[in-house]
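Visitor: Please take a close look at one part with me: the pockets and cavities, and what lines them. I would also like to know how the surrounding elements are put together.

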Amino acid sequence: MPMQTLAVEVMAVRFADEDFAVLAALTDEGEEVTLTGPLAHVHRGEALDVGGEWRTHPRHGRQFHVERVRARPPVGEDAVLAYLQTVKHVGPRGAEFLVARFGAERVLDEIDRDPERTLSSVPGIGPRKLAAAVRSWRQQATTRAVRLFLEEHGVPAAPAARIVKAFGAEAIERLTADPYGATSEAGIGFATADALARALGVPPDSPGRLDAGLLHALRLAEDDGHCHLPRAEREQRAARLLDAD
């Protein structure tokens with residue numbers, strides 16, 4: 001069946017762990033919906049385009065299980081306020097101060113331009129808190145950029161936070177240079193790294209892809225309980241995985 005799509009605004013995060021989340025959202029048509037899936041990177045107030053399917057949970061009822069998600073830039077004062085509150089030490093009052101001072105349309109650009117100066121103007125953010133606030137802002141900006149980078153290449157953006165945690169500000173450069181490096185260093189699945197590599201134009205028979213496939217075949221064998229794998233069997237498993245010689 002074709003994937004169904006919704007345009008929503010996130011009203012609340014009901015549950016979130018490293019990879020899975022349950023969100024309360026409102027569609028553009030005004031319907032209240034529950035979203036489930038790889039949404040742990042999403043914050044309250046974000047506007048999303050999601051793709052997936054409707055499911056009925058035996059206890060919690062009708063839910064929309066998300067398989068694809070694309071974040072839209074924060075639009076409107078409420079969305080911008082919610083986004084600013086996720087920055088360390090800003091809080092609700094600090095977010096209101098920033099929006100009142102710079103306007104909902106300009107405030108994010110102002111912080112991007114000079115985060116030290118802009119965030120130091122927030123009441124309650126003194127010299128001792130400023131460094132943590134700036135780090136928080138820059139990490140969120142990097143995560144936003146990585147999410148957009150993944151989405152633009154047709155790859156689910158859910159692992160963005162883990163990629164940023166592993167690679168830091170150089171995340172996009174590292175992914176571009178070696179998308180398969182994310183499988184070991186950032187804990188990203190081989191299928192996700194492979195989809196990104198193919199979107200970036202990595203040939204199916206590139207040495208880096210073949211190496212990554214061989215390593216992944218070994219990891220899968222280990223997950224199956226093996227502590228030894230003959231070379232011929234490893235090559236057969238990798239060949240099936242990679243669809244390559």
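Guide: A helix here is a DSSP run of H or I with at least four residues, a strand is a run of E with at least two, and both are numbered from the N terminus. The model is predicted, so to speak of a local feature takes pLDDT of at least 70 and to count a side-chain atom pair takes 80 or more, while totals for chains, interfaces and linings use all residues. Residues are numbered from 1 along each chain as its sequence is written, and side-chain values use heavy atoms, with hydrogens and water left out.

Let's set the scene before going inside. The protein chain holds eleven helices and five strands, and its C-alpha trace spans about 65 × 45 × 30 Å along the principal axes. Now to the spaces. On a 1 Å grid over the protein atoms alone, a cavity is a set of points where a 1.4 Å probe fits but cannot get out; a pocket is an open set with protein on both sides within 12 Å along at least five of seven lines; lining residues have an atom within 4 Å of a point. Points join across faces, edges and corners, and volume is the space filled by probe spheres set on them.

The largest pocket has a volume of about 420 Å³. It is lined by 22 residues, and the ones closest to its centre are Arg-72, Pro-73, Pro-74, Leu-108 and Arg-144. Four elements each supply at least two lining residues: strand E5, helix H1 (77-84), helix H3 (107-113) and helix H5. H5 provides the largest share of that lining, six residues. For the chemistry, Ala, Val, Leu, Ile, Met, Phe, Trp, Tyr, Cys and Pro count as nonpolar, Asp, Glu, Lys and Arg as charged, and the others, Gly among them, as polar. By that scheme the lining of the largest pocket has twelve nonpolar residues, nine charged ones and one polar one.

Next comes the second largest pocket, with a volume of about 240 Å³. Of its 13 lining residues, His-41, His-43, Gln-140, Thr-143 and Ala-161 are the closest to the centre. The elements giving two or more residues to this lining are H5 and helix H6 (160-167), and H5 gives the most, six residues. The classes here read six polar, four nonpolar and three charged.

Then there is the enclosed space. Searching the whole structure turns up one cavity of 30 Å³ or more. The largest cavity has a volume of about 50 Å³. Around it sit Leu-150, Val-155, Ile-163, Leu-175, Pro-179, Ala-182, Ile-188, Thr-192, Ala-193 and Leu-196. Helix H9 (residues 190-199) makes the biggest contribution to this lining, three residues. The lining of the largest cavity has nine nonpolar residues and one polar residue, with no charged ones.

Since H5 and E5 both line the largest pocket, let's see what they belong to. H5 (residues 127-152) lies across strands E4 (47-57) and E5 (61-72), at about 100° to E5. Such contact means heavy atoms within 4.5 Å, and angles run from 0 to 180 degrees between N-to-C directions of axes fitted to C-alpha atoms, for helices over the stretch in contact.

E4 and E5 are part of a barrel that five strands close in the order E1-E2-E3-E5-E4, with mixed pairing. From one strand to the next, the twist averages 50°. Two strands pair if DSSP finds at least two bridges between them. E4 and E5 are antiparallel over eleven bridges, and a hairpin joins them through three residues. In this pair, His-57 stands opposite Gly-61 in E5. On to another partner of E4: strand E1 (residues 4-16) runs antiparallel to E4, joined by six bridges, with Thr-5 opposite Gly-51 in E4. Elsewhere in the barrel, strand E2 (residues 21-27) and strand E3 (residues 32-37) form an antiparallel pair over six bridges, where Ala-21 stands opposite Gly-37 in E3.

One residue makes a nice last stop on H5: Thr-142 is found in this helix. Leaving aside residues up to four places away in sequence, Thr-142 touches Val-164, Gly-168 and Ala-169.
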